[in-house]
Every structure is written in C-alpha cells, then in structure tokens.
Amino acid sequence: MGRVEGKVAFITGAARGQGRSHAVRLAEEGADIIAIDLCRDLETVNYPLATPEDLKETVRLVEEKGRRITAVQADVRDAGQVRDALARGIAELGRVDIVVAQAGIAGMKGSPPMQAWSDVVDTNLVGSINAIQAALPHLEAGASIIATASAAALMAHGIVQEPGKDPGGHAYVFAKRALSQYVHSLALNLAPRNIRANVVHPTNCNTPMLQSEPMYRSFRPDLENPTREDAEPAFYVQQAMPVPYVEPEEISNAVLFLASDESRFVTGMQLRVDAGGYLKWHDFHV
Ligand SMILES: NC(=O)c1ccc[n+]([C@@H]2O[C@H](COP(=O)([O-])OP(=O)(O)OC[C@H]3O[C@@H](n4cnc5c(N)ncnc54)[C@H](O)[C@@H]3O)[C@@H](O)[C@H]2O)c1
C-alpha cells in the first residue's frame, strides 16, 4: 500500500524540475496525477521554461509507475485555464485530494523591468492562488494543499537591494512571502473542515531554474559571463550544510509527507528544506 494510495494530486509546473519529481514520487506511492504546465517561454524570463516534450516525458514517467495522469498545457496566470484543466482531470480521474501549487519563474533582471515584476507576481503569487482556489470547491476532509515558496522568501537580502534596480528579482521575494502569508490564513480557515495547507521552502534546488544564466550571474556578480563551473562553488553560500544545492527528490519527499495522512495534524507549517540555510542567514542578521 502506497503512502498516498488512491489519492489524486493536482500539480502545477509539472513538466520538469521539482514539479515532475513530485508527480513521479507521488505516483510511486499510489497517486494519480493531474498535471499542468505553461510549456513555453516568457519574454521577461531570461532562461527557457519547459516544453511540450518535457510534459510528455512527465506523462511517460508517471505511467511507468503504473498510475494514471492527465496533462494539459495551461497558464497558471489565467484562472479560467486552470479551472478547465483541473475539471478535465477530475472528469477523468474522479476527484482531487492533493494540490501542489508550485509553478514558478525567477525574473531576475527581466525586461521591461515592471513587466518582469508583473509576470513574477502573476505566476508565483496569483498563479499559485489560482491553482489552490480552483481546487477548493472539490476538496473534502483529509485533503492537503502544498504551496512552494522559497527559503529566499524567509531571508531579507532580496528586500534591501537598491529600489527599482531589479523589480523582477524583488518580485520573487515579495511573491513568495505573500504566498506564505496566504497559506497561513488559508490553513486557519480550512482547519475546521479537516483540510490542511502548508508551505515548502526549498533552498537551491538542482533544476533548470537554478542551472540557468541569470542564476549564475546572481551568484557570481563579480564575473561578466559566469558559467556553471564558476557558480557551483558560490552555490554553497545558501546552505549551512556543505552542499551546493539539494536534488528535486529531497523536496518531493517533504511534499509526499505533507500530502499523505502521516501529516494529518500538520497544517499552517512553513517547512524549510534548506540544509540549514535559514539558520545560517538568521545567525548573521540578529
Ligand atoms: N530551483 C531552485 O533553486 C528553487 C529554490 C526555491 C524555490 N524554488 C521554487 O520551486 C518551484 C519549482 O521550480 P523549479 O526549481 O522546478 O524550476 P523549473 O524552472 O525547472 O520548473 C518550473 C516549471 O513551472 C512552469 N511554469 C512557469 N510559468 C508557468 C505558468 N505561468 N503556468 C504554468 N506553468 C508554468 C515551467 O514551464 C516549469 O516547467 C518554483 O516555484 C520555484 O520558484 C526553486
């Protein structure tokens, strides 16, 4: 018997990275999957997003685990698209018990700058809320909502930079913090119905978002065109444990715990999977 046997999980941003890993891990433990992803690039995001082929690969990997999956190209910024994709999934798979709202973009140095701000807020904050709120009418007692924020949201360095210098980068921290607050309030209001809501805060995670030019530049601002090799040693700064990043599967294990009945009385939790990164930052700033 799998740890989420018979449940159905709705996952945004499921074509690659952490979203794909969550889909595969939850399927391994018995869940069917409703997957959505944008599957195209955005002008203000300076690295490629997932492709339709990536989403097909997630489908293949979930089916390989013997579970069912519906996969639709949909934009979390558009509540109507999210509702339609979810309705399709529920029509095919019968229900939804788990929501993993985790599609996200990093908008550092995105241009035009205030469009980058809007895209990040619309994707990381409004998009997560769209996914959760599309699911709310379908959730019953025992359901679990998980939103992905970021350990960076709990640290202040994104906030204290020069005003107006990098609205896309600033929006990332703002959106993740606001999402954390949203889930806090949601958890309180859903508790009497035995529905839970929690936030996972990953540190650096080894996905295409981290392994991207804008991220290399933000970790090595001293270099003009930093490469992966230049950035790798700098990645360690985010964690207290001696690792440059964690693998997506580490985040998936936290998501699986929060999705399963093992955590039935865990709600409103801000769960850091950050190899001690927050502790390290906190120690420097108190
Ligand atoms: N990688 C890290 O270091 C890190 C650290 C902390 C938090 N996070 C967060 O983890 C989450 C997953 O990111 P990842 O690391 O897997 O990156 P990723 O870029 O590999 O995956 C993000 C996915 O979201 C999809 N997406 C983007 N905009 C979308 C939209 N409007 N509608 C639907 N799908 C959309 C992308 O196509 C992509 O498949 C994000 O919310 C990110 O902010 C990442």
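These notebook entries record what I looked up in the structure.

**Basis.** I worked from a predicted model, in which local features need pLDDT of at least 70, side-chain atom pairs count only at pLDDT 80 or more, and totals for chains, interfaces and linings use all residues. Residues are numbered from 1 along each chain as its sequence is written, and side-chain values use heavy atoms, with hydrogens and water left out.

**Ligand.** I looked up the shell around the ligand, where a residue counts as near if one of its heavy atoms lies within 4 Å. Of the 30 residues there, Arg16, Asp37, Tyr172, Cys205 and Thr207 come nearest. I sorted the shell by class and found 14 nonpolar, 11 polar and five charged residues. For this sorting, Ala, Val, Leu, Ile, Met, Phe, Trp, Tyr, Cys and Pro are nonpolar, Asp, Glu, Lys and Arg are charged, and the others, Gly among them, are polar. Helices α1 (17–28) and α5 (167–190) each supply at least two residues of the shell; helices are DSSP runs of H or I with at least four residues, strands are runs of E with at least two, and both are numbered from the N terminus.

I then turned to polar contacts, which are pairs of N or O atoms within 3.5 Å. A polar side-chain atom of Asp75 lies 2.8 Å from a nitrogen atom of the ligand. Oxygen atoms of the ligand are 2.8 Å from a polar backbone atom of Gln18 and 3.2 Å from one of Ala50. The protein covers 99% of the 820 Å² of accessible area that the ligand has on its own, by the Shrake-Rupley method with a 1.4 Å probe.

**Salt bridges.** I counted 18 salt bridges, each a side-chain nitrogen of Lys or Arg within 4 Å of a carboxyl oxygen of Asp or Glu. In one of them, the side chains of Arg60 and Glu57 meet at 2.9 Å, N to O. Arg60 and Glu57 are separated by about one helical turn because they are three residues apart in helix α2 (residues 52–64).

**Backbone.** I noted a cis peptide bond from Ser111 to Pro112, with omega near -5 degrees. Pro112 lies in the loop between β4 (98–101) and α4 (113–135). Asn194, although not a glycine, has a positive phi of about 60 degrees, and I placed Asn194 in the loop between α5 and β6 (196–202). Ala275 is likewise not a glycine and has a positive phi of about 50 degrees; the loop between β7 (270–273) and α9 (277–285) holds Ala275.

Terms used:
Polar contact = N/O pair within 3.5 Å; in protein donor to acceptor, adjacent residues only side chain to side chain.
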